[in-house]
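Student: I would like to take a close look at a single part of this structure and then see how the rest is arranged around it. Could you walk me through it slowly, in connected steps?

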Amino acid sequence: MMPLPDDLGTLHALDRDHLHVFVVGPGRGEGIAIALPRSGWVLLDGATSADRKSCLVATVEKWRASTDEPVELCVLSHPHDDHIDGFVEMLPALKPQRIALAGCDGAPKYVDILTNASSPSNTDDLQKASKVRAAFAAIRLWEDQTTRRAEGIHRSATAVFSKDRVAIEVLSPPDDALKSYLDACVTTPTKVKSEANRYSIVLRVTFGTTTVVLPGDLPATVGGVSVTPGWNELVTYATNLHDHTMMKVAHHGSAEAFHASAMTSGPPDRAWVVTPFNSAKLPRVADADGLPQLVAARQEVLMTAMPASKSAQSATQMPGFVKLADLKSSAARRPGGGVPTTVTAPTKGPLDCVWCIKLNDKGDVVARYRGVAALAVRGR
């Protein structure tokens, strides 16, 4: 039986016999912080709140014990501005021991490609590109200060990280396809943005018999057409992805990232967490193949916040349950992103749009903690 959600404010200290996975998403931006058993943290991507604070810095600083080691690994799933937000603040604040992004031997690095790329002329694209470049400048500075190098990672038989019964492996992208993509990006830098989702780093975290799947923005289809690399190729390689305890749902709950073989069977009690992406209106709450499709498969889907702008997020009354029908009704009344009738005062802090999932090593969700703006969407 899935435990009822608790208020994140009641989580005063972490039980370090367990694995804790924090997923943040305030309406734009996505970040994941994994508190390892005993000590240490692994971070994936980043996000900033409406008050311009790094959500992952706030998470680690709030729950890192005085005996904790520094952040051991920081991974960038792909270089899109909504996943790289907060990297500039994160690196000097948390001083990770390792930084990893998609790459393979003999291929150019995203860092080099984007440093040499010409600037887009469109104002909106220019602002987004400037965020990405600022993050890569921060990575360069980290390299200079630590004399280490950001690692290029891809699908491999060797775990990218292993400690205290926790192993993290990279399931995608495959190295041959990734090398061809990065080579093509040198001559056509626009490919970085337009095709980066397909080359998202997909991680599988194992802790005993517990499995957590973190697929970035990996799609199955684009424009209704199957793409490679993508979910269709991934499930032929990782055939048991459906047998997970927790999944951060890919691409903000987009229908193009839904893959039946990974998402329509498996343990009855497992946690699916979706981060919203307001400008793309994801996850779609009214379309049959958006959030309704996820709810039909899982019965309950955890959203870090409403698909609305950061400044429009509001607190939801405990325990945070919202019916899908109510979200559909709100969305119909407010096309820019409706809010359920259970909301109270506006909220903008870095720990407001968060789900924390506490896991044991036996495949169980032990506890769920929600920030004040987080929702548990139910079909009925």
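Tutor:

**A covered helix and its surroundings**

Helix α1, which spans residues 55-63, is mostly covered, since seven of its nine residues are buried. Before going further, please keep in mind that this is a predicted model, and that everything below describes that model.

Which residues of α1 are the buried ones? They are Cys55, Leu56, Val57, Ala58, Thr59, Val60 and Trp63. If you find these residues in the picture and look at what lies against them, you will see that they pack against four strands, β2 (19-24), β3 (30-35), β4 (41-46) and β5 (71-76), and also against helix α3 (87-94).

The helix among these partners deserves a step of its own. Two packed helices are described by the angle between their axes and the distance between the axes. For α1 and α3, the axes come within 8 Å and cross at roughly 25 degrees. Because angles under 35 degrees count as roughly parallel, α1 is described as roughly parallel to α3. On the α1 side the residues that meet the other helix are Leu56, Val57, Val60 and Glu61, while on the α3 side they are Glu89, Met90, Ala93 and Leu94.

From this helix we can step back to the whole chain, whose secondary structure comes to eleven helices and 22 strands. The radius of gyration is 19 Å, close to the 21 Å that the globule rule gives for 380 residues, and the chain is therefore as compact as a globular protein of that length. Along the principal axes, the C-alpha atoms fill a box of roughly 50 × 45 × 40 Å. Of the 380 residues, 58% are buried, and the accessible surface of the chain comes to about 14,800 Å², with 51% of that surface belonging to carbon and sulfur atoms. If you take the contacts between residues at least 6 apart in sequence, 70% of them join residues at least 24 apart.

Now let us turn to an open sheet, which nine strands form in the order β8-β9-β10-β11-β14-β15-β16-β22-β18, with mixed pairing. Its edge strands are β8 (161-163) and β18 (321-323), each of which pairs on one side only. Neighbouring strands of the sheet are turned by 20 degrees against each other on average, when direction is ignored. Helix α10 (residues 291-298) packs on this sheet, where it touches β15 (271-274), β16 (300-303) and β22 (375-378), and the direction of α10 makes about 130 degrees with that of β16.

The pairings at the two ends of the sheet can be followed strand by strand. At one end, β8 runs antiparallel to β9 (residues 166-172), and three bridges join the two strands; in one of the bridges, Ser162 has Ala167 in β9 as its partner. Towards the other end, β16 and β22 are also antiparallel and are joined by four bridges, with Ala376 in β22 as the bridge partner of Leu302. The pairing of β18 with β22, by contrast, is in the parallel sense and extends over three bridges, and here Val322 has Val377 in β22 as its bridge partner.

Two strand residues show how surroundings can be read in detail. Is Ser172, in strand β9, buried or exposed? Ser172 has 0% relative accessibility, so it counts as buried. Leaving out residues up to four places away in sequence, Ser172 touches Arg155, Ser200, Ile201, Val202, Pro229 and Leu234.

Val366 lies in strand β21, which covers residues 365-370, and with a relative accessible area of 33% Val366 is partly exposed. When residues up to four places away in sequence are not counted, Val366 touches Pro3, His18, Lys358, Leu359 and Asn360. Of these, His18 is 348 residues away from Val366 in sequence, although the two C-alpha atoms are 8.8 Å apart in space.

Finally, Lys128 offers a place to practise the same kind of reading on a helix, namely α5 (residues 123-146). Apart from neighbours within four places in sequence, Lys128 is in contact with Arg28 and Asp81. From Lys128 to Asp85 there are 43 residues in sequence, and their C-alpha atoms are 9.7 Å apart in space.

Methods: Residues numbered from 1 in each chain as written. Predicted model: local features only at pLDDT ≥ 70, side-chain atom pairs only at ≥ 80, totals over all residues. Heavy atoms only, no water. Contact = heavy atoms within 4.5 Å. Pairing = 2+ DSSP bridges. Axes fitted to C-alpha atoms, helices over the stretch in contact; angles between N-to-C directions. Buried < 20%, exposed > 50% of the residue type's maximum accessible area, 1.4 Å probe, protein only. Rg over C-alpha atoms; globule rule 2.2 N^0.38 Å. Areas by Shrake-Rupley, 256 points an atom, 1.4 Å probe, with all protein chains shown as cover. Parallel < 35°, antiparallel > 145°, perpendicular 65-115°, else oblique.
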